[in-house]
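This report covers salt bridges, strand pairing and two side-chain polar contacts. Please look at the entry below before reading on.

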Amino acid sequence: MRFQTIALAVAIVFACVLVPATAVFPPASARAGAAVHAEPETVQPISGSGVHFLKTAIVHSWTPTATGGIQRSTETVDLTGDLTGRILYHPTSVIDSQSLVNTGHQVFSGTVLGSEPVMLHDDTFRFDVDLHTGTGTGTVHLADRLDGPKVRCDLIVLSTGITADGNVAADYTGECRFKN
């Protein structure tokens, strides 16, 4: 066993000597040069509205907590305006007597400012809803392109009320960055 430990230590030393440091840790100038050659992008402001279809939500689980519960579900949101399409929304909803917070995953499928169809994923969104007033705000970061044009969209979402059929209406503003 001791021989194997010594042999491993010698192999590690040889590897450190034989592999140049620049192969593993490129010089700062090489890393800085990569940033200089970044793809140019066009930034466009966006706005529009959406409807979050609560009535068709599929609830997968409900776990009671001391102050409320945690719900996992699949839901959809239709967007109109500069983003036109549908979001498949897979939130984890943390609910207590005063608030609801949604985080999780969502995928937008549609068009951005009349573009070719695109699919964008977001796993960093957050929506906060005051259950006393019904007001809600959220941030959306459609950053992971799954298909279509190279675009990233960051949105601020404000709920505008409940529709006649019990769904949530909202407006969004933000910007999309197209890689040229």
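E41 is partly exposed, with a relative accessible area of 35%; buried means under 20% relative accessible area, exposed over 50%, and partly exposed in between (1.4 Å probe, protein chains only). This is a predicted model, in which local features need pLDDT of at least 70 and side-chain atom pairs count only at pLDDT 80 or more, while totals for chains, interfaces and linings use all residues. Residues are numbered from 1 along each chain as its sequence is written, and side-chain values use heavy atoms, with hydrogens and water left out.

**Salt bridges**

A salt bridge is taken as a side-chain nitrogen of Lys or Arg within 4 Å of a carboxyl oxygen of Asp or Glu. The structure holds six salt bridges, including those tabulated here.

| Pair | Closest N to O distance |
|---|---|
| R177 and E41 | 2.8 Å |
| E41 and K179 | 3.5 Å |
| D78 and R86 | 2.6 Å |

R177 forms a salt bridge with E41. R177 lies in strand β10 (residues 168–179) and E41 in strand β1 (residues 41–64), so this pair ties together parts that are 136 residues apart in sequence. Helices (H or I, at least four residues) and strands (E, at least two) are DSSP runs, numbered from the N terminus. The side chain of E41 also meets that of K179 in a salt bridge. That pair links distant parts of the chain, with E41 in strand β1 and K179 in strand β10, 138 residues apart. Both basic partners have intermediate accessibility: R177 is partly exposed at 27%, and K179 is partly exposed at 37%. A network of salt bridges links E41, E175, R177 and K179.

The salt bridge between D78 and R86 also involves partly exposed residues. The relative accessible area is 21% for D78 and 47% for R86.

**Strand β5 and its partners**

Strand β5 spans residues 118–122; four of its five residues are buried, so the strand is largely enclosed by the rest of the structure. Two strands pair if DSSP finds at least two bridges between them. Strand β4 (residues 99–112) pairs with β5 in the antiparallel sense over five bridges, and within this pairing S109 has M119 as its bridge partner in β5. The two strands form a hairpin with five residues between them, and L113 in the turn has a positive phi of about 55 degrees. β5 also pairs in the antiparallel sense with strand β8 (residues 144–147), over three bridges. There, H121 has D144 as its bridge partner in β8.

**Two buried polar side chains**

A polar contact is a pair of N or O atoms within 3.5 Å; within protein, one must be able to donate a hydrogen and the other to accept it, and residues adjacent in sequence count only if both atoms are side-chain atoms. Contact means heavy atoms within 4.5 Å.

S73 is found in strand β2 (residues 68–81) and counts as buried at 0% relative accessibility. Its side chain is joined to that of E75 by a polar contact of 2.6 Å. Leaving aside neighbours within four places in sequence, S73 is in contact with I58, V59, H60, Y89, H90 and P91.

N102 is found in strand β4 and counts as buried at 6% relative accessibility. A polar contact of 2.5 Å joins the side chains of N102 and S93. With neighbours within four places in sequence again left aside, the contacts of N102 are Y89, P91, T92, S93, F125, R126 and F127.
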